[in-house]
Amino acid sequence: MTYLVNKPTDFVDESIDGFVAANRTLVRRVPGGVVRATRTPPGQVAVVIGGGSGHYPAFAGLVGQGLAHGAAMGNVFASPSAQQIYSVAKAAASDSGVLLSFGNYAGDVLNFGIAEERLKAEGIACRCFAVTDDVCSGPADNPGERRGIAGDLTVFRAAALAAEQGKSLDEVHAFASHANDRTRSFGVAFSGCTLPGAKAPLFTVPEGRMGVGMGIHGEQGIEEVDMPSAADLADMLVDRLLGERPDGIQRAASPRVGVMLNGLGSVKYEELFVLYKRVSERLEAAGLTLVQPEVGELVTSFEMAGVSLTLFWLDQALEAAWTAPATTPAYCRGGVELEGEPRDASDAADPEQEAPPASEQSKSDAAGMLAVIEAVQTKIESEADELGKLDAISGDGDHGIGMKTGANAALSAARRALEKGCGAGSVLVRAGDAWANEAGGTSGALWGLGLRSVGLAIGDDDRVTAPTAAQGVVDATDAIMRLGGAQIGDKTMLDAMKPFADKLAEEVESGASLREAWKQAAAAAEQAAQSTAELKPRLGRAKNHSDKSVGHADPGAISFAMVVAATADTLESLHEDAA
């Protein structure tokens, strides 16, 4: 639990500011996170990492020479928004592009993917890589289902060395992938943690018991057992990891491994050393050569009591990465001099963007786009509590709050955009970016991506027409499917959005006005949203409570249908050709 800060948002912002104040020689604050105190040299790929707050030293503590060039920091246990990632990557990038690396969690995959597309659209070479080292979170034959935990560090170390050697972006990505393929982690938990301002732990483990394979956010493990002795726990950790050696390792003579014994918050160093004594004995007895062992707190979860063991199966190139010098606020190995030009205050600036060029026709339609956002905000404001209750059936109950936060931010951004003279497309783009940035989570990212996609399709050059609006909704749906990974039938927002997009395009093609086509499409979305009650969720947190979800419609689908129905009449404010 936290003692000095009660609000998660205050906790994150003030924590990052204090972290930077304590480490000015190594890092600088930028919108969305932190970057090295020196600019990335020309010819060097920037490695930008990130994830939710609450896991220090991951991720900000790993920024510095020999490791990451920047870190995007989300709210507590929540992915950074695409805007935050984009901002950090822009500040860190040189002329050789950016590798974005993070743990394999749905929100991170989505937001980093959106940021990647935005960077590429601006001509900045970029690739994403998700770490998948947790052996308990997915089958060995499908590692893409696995989460990233303490093994993040091995991948970040490999990517950083390849970048500092002047490798190309594709080569840095390939070396990170190689490190990930050679990394395996296994974790256990003895108790949960309490988030800032919360009155109860996020999750619990019964007294005297241990959660085997439980994730660092309380994700469901593979079993629960009686609390073992230190020696028995060491045997469990080692046996599981030795049972899943990477391909080609079994026949190697005296394999060399990097070893990490990680404390998750409440298991402190003395206890970790007791555990490591047995771990090292077992590994050496198995014929392994241990290289530069790490025992301590590398990825934490507030005061969560638990540990994880990571084995990094080395070859010559990976050993060079594992033992390379690094100097960061939380990870110092060997001596390394700061390189690159020192940053100045301009790197941390976050100026209010001026309005991009727009035609007078587009500017006249911008007020109509603001009216749409106002209708969205009004409807969500009135329904937030009900959405929260629906989400609590099989989720964490925060959907209503998240939607309300996002809609409020979108409305403020849309109003500022209109005041600055933005065109219709830019009003929606800025509203979407604000929604994603403030709401956080997967839902915030999806709504932000949707509004941005529609805004880009509409543009700032011409009047808003029914065909361009319909195409924008189709583009938004395609982007959400591509980056979010959802399909029809997964019981998500997409189950209402795809029928809406299809019906809207069909009606517009048949000659209907935008307002009439929108109403018909909204009716299709409502019917589809209600039909999700009979589906079992296949994505997101609700999939772990699928039985509870059956019989209740998906809150994301319901909120989408509710919003598009509420906005139909606002389209009257557009010109006759569109409405």
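These entries record what I looked up about salt bridges in this predicted model.

I kept to the numbering that runs from 1 along each chain as its sequence is written, and side-chain values use heavy atoms, with hydrogens and water left out. Because the model is predicted, local features need pLDDT of at least 70 and side-chain atom pairs count only at pLDDT 80 or more, while totals for chains, interfaces and linings use all residues.

**Entry 1, the count.** I looked up the salt bridges (a side-chain nitrogen of Lys or Arg within 4 Å of a carboxyl oxygen of Asp or Glu) and found that the structure holds 31.

**Entry 2, Glu 224 and Arg 209.** Their side chains meet in a salt bridge at 3.4 Å, N to O. Glu 224 lies in strand β9 (residues 223-226) and Arg 209 in strand β8 (residues 209-212), so this pair ties together parts 15 residues apart in sequence; strands are DSSP runs of E, at least two residues, and helices are runs of H or I, at least four, numbered from the N terminus. I noted Glu 224 as partly exposed at 37% relative accessibility, and Arg 209 likewise as partly exposed at 26%, where buried means under 20%, exposed over 50% and partly exposed in between (1.4 Å probe, protein chains only).

**Entry 3, helix α9.** Glu 386 forms a salt bridge with Lys 389, the closest N and O atoms being 3.5 Å apart, and both residues lie in helix α9, three residues apart, about one turn of the helix. Glu 386 is partly exposed at 46%, whereas Lys 389 is exposed at 54%.

**Entry 4, a network.** I also found Asp 235, Asp 239, Arg 278 and Arg 282 linked in a network of salt bridges.
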